[in-house]
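The questions below go through one protein chain step by step, each followed by a short line of reasoning. Please keep the sequence and the structure in view while reading.

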Amino acid sequence: MDQIPVELSLNGVYYPPWLLAAGLGLVLAMALTSLANLIGLSQWVWHPPLFFTALVVACTLLIGSTLVPSFFA
């Protein structure tokens, strides 16, 4: 019983842990993009959709490796 659960259960429906990390990564990337637009840093980005996609991937990996147990299991 001391094992880290591999699935996340929500009302009997099981979800993989990367789904939570991807959702949180998307929210974090949207917040960082809004902040960059507000400050004016987005003018230095060559291709905004490609940058946003890379930011989502980076945020997902950051959240997945630090907050979600068994992300790389």
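**Surface, helices and strands**

The accessible surface of the chain comes to about 5,800 Å², and carbon and sulfur atoms account for 73% of that area. The model discussed here is predicted.

Q: Which pattern does the chain follow when read along the sequence?
A: The chain holds two helices and two strands. Taken in sequence order, these elements give the pattern β-β-α-α.

Q: How many Å should helix α1 span, and what is the distance between its end C-alpha atoms?
A: Helix α1 covers residues 17-39, which makes 23 residues, and the expected span is 1.5 Å times one less than that number. The expected span is therefore 33 Å, and this agrees with the separation of the end C-alpha atoms, which is 33 Å.

Q: Which elements are included in what covers the buried residues of α1?
A: Within α1, the residues Pro17, Ala21, Gly25 and Ala29 are buried. The cover over the buried residues of α1 includes the two strands β1 (8-10) and β2 (13-15), together with the helix α2 (48-66).

Q: Which residue just after α1 takes a positive phi?
A: Helix α1 is made up of residues 17-39. Just after α1 comes a residue whose phi is positive, at about 110°, and that residue is Gly40.

Q: Which element gives the most to the nonpolar patch?
A: On the surface, Leu8, Leu10, Val13, Tyr15, Trp18, Leu19, Leu20 and Leu24 form a nonpolar patch that has about 710 Å² of accessible area together. At least two residues of the patch come from each of β1, β2 and α1. The element that gives the most, with four residues, is α1.

Q: Is Val13 buried, partly exposed or exposed?
A: Val13 has its place in strand β2, and Val13 is among the residues that form the nonpolar patch. Its relative accessibility is 40%, and because buried means under 20% and exposed means over 50%, Val13 counts as partly exposed.

Q: Which residues does Tyr15 touch, not counting residues up to four places away in sequence?
A: Tyr15 is found in strand β2, and at 33% relative accessibility Tyr15 counts as partly exposed. With residues up to four places away in sequence left out, the residues that Tyr15 touches are Glu7, Leu8 and Leu10.

Q: What is the relative accessible area of Asn11?
A: Asn11 lies in the loop between β1 and β2, and its phi is positive, at about 55°, although Asn11 is not a glycine. Asn11 is exposed, because its relative accessible area is over the 50% limit, at 79%.

Q: Where does a polar atom of the side chain of Thr60 lie 2.7 Å from a backbone oxygen, that is, which residue supplies the oxygen?
A: Thr60 is found in helix α2, and Thr60 is buried, with a relative accessible area of 14%. A polar atom of the Thr60 side chain lies 2.7 Å from a backbone oxygen, and the residue that supplies this oxygen is Val56.

Q: What distance separates the C-alpha atoms of Phe51 and Thr33?
A: Phe51 lies in helix α2 and, at 44% relative accessibility, Phe51 counts as partly exposed. Phe51 and Thr33 are 18 residues apart along the chain, and their C-alpha atoms are separated by 9.5 Å.

Technical notes. Residues are numbered from 1 along each chain as its sequence is written. This is a predicted model: local features need pLDDT of at least 70, side-chain atom pairs count only at pLDDT 80 or more; totals for chains, interfaces and linings use all residues. Side-chain values use heavy atoms; hydrogens and water are left out. Buried means under 20% relative accessible area, exposed over 50%, partly exposed in between (1.4 Å probe, protein chains only). Contact means heavy atoms within 4.5 Å. Accessible areas come from the Shrake-Rupley method with a 1.4 Å probe; for residues, only the protein chains shown count as cover. Patches are made of residues with over 30% relative accessible area and no salt bridge: like charges are joined within 9 Å, nonpolar side chains (Val, Leu, Ile, Met, Phe, Trp, Tyr) within 5 Å. A salt bridge is a side-chain nitrogen of Lys or Arg within 4 Å of a carboxyl oxygen of Asp or Glu. A polar contact is a pair of N or O atoms within 3.5 Å; within protein, one must be able to donate a hydrogen and the other to accept it, and residues adjacent in sequence count only if both atoms are side-chain atoms.
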